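Thank you all for coming. I would like to take you through one protein model this morning, beginning with the chain as a whole and then moving on to two of its residues.

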Amino acid sequence: MKPFYPYLLFSTALISSAWLHANESITSVTLNEIVVTSGFRPAAQEAIPASITVISAQTLEQQQSQHLEGVLSLAPNITSAKGSSRARFYQIRGVGERSQFVGHVNPSVGVLLDGIDMSSIAGAAGLMDIQQVEVLRGPQGTLYGSNALAGLINMRSNDPTTQPEGRLEASIGNYNSHSLTGIYSTPLNDSAGLRLAIQQNSSDGFMRNDHLNRKDTNNIDETFLRAKLRLVASDDLLVDLTGFYADINNGYDAFSLDNNRHTLSDEPGRDRQISKALALHSVWTGAETYQLETRLSHSATDSDYGYDEDWTFDGFHLDGYSYYDQYRRSSDTSTAELRWVSMPGGEIFNDSTQWTTGVYAFRQTAELNRIRTDVSDNVQSDFSTRRLSVYGELETLLSDTLILTSGLRAELSKSNYDDSFGVNYRKTEHLWGGRLAIDYLMNQNTTLYASLSRGYKVGGINSGFEKDKLAPDLREFGTETLWNYEIGSKGSYLNDRLQTQASVFYQQRKDAQLRGNYQPENEFSFIDYIFNAKRVNNYGAEFQFNYALDSGLSVYGMTGLLRTQVKKIKEDHLDLKSRRDVAHAPHWQYQLGLAYDTGSGWFSGASLEGMDSFYFSDSHNTRSWDYTLMNAHIGYKTADWSIRLWGRNLGNKTYAERGFFFGNDPGIGYDARPYYQLGAPRTLGVTASLNF
């Protein structure tokens, strides 16, 4: 018999939201204007000719998630891939990486945290003290270049305040889950302010290792620390300094031969990461016609990712094997940018055009040491890349109702790679991206837009194994380009109580970088490689809305529709169906929620989120299962404190976050079959916070 209390929480939250609203006096409410900060200049969401989702701090609090992976279900046409303790890679509109083993990865989805490039280290993308998360769908060829072929996720934390304030928050949940957060912000003097935040997350996880008789081999153990210093250096100069530290010591014991939550590993895996980062952002407004922004960042990361390759123990079967696969990486990423942005009075072309121009430099190095217990000759490799870009964008007022946006970015990229197998790779590429967009102010409530944008992504080399294990024509893969055609509308109706967004898009990927793998005969190892598909087409639609009723009750939702088509491809180890979807491209996604919150007193909310099935890989036809999850919360708050009871996946739905297809079970003669990493089951908890 299924437990009744999760459904009781969901129905209580749903009914209480409606009941509390019905018993409140009716007052007029409006939705706050949403300002997007990830562009060249801050702008209202409805004024940007692009499909964007902005997740506010209030919404993040309702979700009760500690990591970026837990809130992106609020954004249409975006997915994440596991194969680790936390999602490190994301996909937008069916475009994006899913894993990293031996080879270097150039992400298709950029991830920024306070100006720090987290695209390759997004396992540390925690949500501690985050002001808002912005998801930009479609190529950001002008804005960000080659690390944003599919789109960009921008995370912005809260700034120091002009008055002292603090917050303590503690959570406890099932699976021995605990979280403790401390935040303090204070002015140091009339021209400086400091904000500190620290968080520690721990959980046993939801897998049980029957061989070791342990329930914490897939655990979470994370510590995050951030310091932000704001300096008003003069009347014309504002400087923000950010320091970030992440210490992640998570377990990784997620796969079972029986596809359940019981493992048999004698050497449970680990997913460890220590990241240190610094960022500087300054704004100088001393000129009359423009402001100069300077952005500098540097991050250093050491990671240790490994897993029990056989998923069992020595002696499990007469034909069994016992291997452990480990990947130790050290990476450094540095960025520098100078950006000139026109100010009021600095417009050009008869005062009709705002302008932005800048120069951007990117440098990354990565050292890998792969240690595998079944081979004596392990892999050591060194990778480095340098990129230099110049860009510019114009926003031209053609009439009282028409605005034309035109942007262009040119990039020089140089990559070097060397490994212990004697593979040497040197590549210089000249790349470009940009966009044309037109905004039409249909009336005071509705804006229509149409855009054409081009993104790009550098090529590379498949590495980490002997040269004769991969055909010569697959050793390297070329540059990918993506053309995005999009039309959409944005509106605010019913006295600004209803906000809507809708978009329809079509994408053409030329030389699309897809991932293949195969298992050599009589070997337990896999050859993982990237290849170019001649053409992949993506098309779909997105819709989002937020409706604020009177007295604190709101209804919100989104839906994403997506179809992708890959041309039939036949390689030695790969045979995709003609017109098959690419990996991680579900045909539909949705979220529908109801929330009640007047700012004090009782509050509650309930939501449904769902996703269609999708292929896990471009190299096999294993699919996930479609699912619908129920989430809810209910609580009480004052200006000084709050307490919240929350639950996620209240129906305890079984769903998969990662999947493979190969032979790993000696009990069935190593016949190939699907294996899944299961998503979180029902989770329940209580969160209490104190403001001071």
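Before I say anything about charge, let me fix the counting: Lys and Arg are taken as positive and Asp and Glu as negative, while His and the chain ends are left out. On that basis the protein carries 62 positive and 80 negative charges, and the mean positions of these two sets lie 4 Å apart. Please keep in mind throughout that what you have in front of you is a predicted model.

Turning to the overall form, the secondary structure consists of two helices and 39 strands. The C-alpha atoms occupy a box of roughly 75 × 60 × 50 Å when this is taken along the principal axes. The radius of gyration is 25 Å, and because a compact globule of 692 residues would have a value near 26 Å, the protein agrees with that expectation. Of the 692 residues, 56% are buried, and the surface that the protein exposes comes to about 28600 Å², with carbon and sulfur atoms supplying 54% of it. If we take the contacts with a separation of 6 or more, 66% of them are between residues 24 or more positions apart.

Now to the first of my two residues. Where does Gln291 lie? Gln291 belongs to strand β18, which covers residues 290–308. Its relative accessible area is 19%, and since the cut-off for buried is under 20%, Gln291 counts as buried. The side chain of Gln291 is joined to that of Glu293 by a polar contact of 3.1 Å. Beyond its neighbours within four places in sequence, Gln291 is in contact with Val283, Trp284 and Thr285, and also with Arg339, Trp340, Val341 and Met343.

The second residue is Arg644, which sits in strand β36, residues 641–648. Is Arg644 buried or exposed? With a relative accessibility of 7%, Arg644 counts as buried. Which side chain does the side chain of Arg644 meet in a polar contact? The partner is Glu61, at 3.4 Å. Glu61 also appears among the residues in contact with Arg644 once neighbours within four places in sequence are set aside, and that list further includes Gln62, Gln64, Phe603, His633, Ile634 and Gly635, together with Gly685, Val686 and Thr687. For Thr687 I can add a distance, namely that Arg644 and Thr687 are 43 residues apart in sequence but 5.2 Å apart in space, from C-alpha to C-alpha.

Terms used. Residues are numbered from 1 along each chain as its sequence is written. This is a predicted model: local features need pLDDT of at least 70, side-chain atom pairs count only at pLDDT 80 or more; totals for chains, interfaces and linings use all residues. Side-chain values use heavy atoms; hydrogens and water are left out. Helices (H or I, at least four residues) and strands (E, at least two) are DSSP runs, numbered from the N terminus. The radius of gyration is taken over C-alpha atoms; the globule rule is 2.2 Å times the number of residues to the power 0.38. Buried means under 20% relative accessible area, exposed over 50%, partly exposed in between (1.4 Å probe, protein chains only). Contact means heavy atoms within 4.5 Å. Accessible areas come from the Shrake-Rupley method with a 1.4 Å probe; for residues, only the protein chains shown count as cover. The place of a charge is taken as NZ of Lys, CZ of Arg, CG of Asp or CD of Glu. A polar contact is a pair of N or O atoms within 3.5 Å; within protein, one must be able to donate a hydrogen and the other to accept it, and residues adjacent in sequence count only if both atoms are side-chain atoms.
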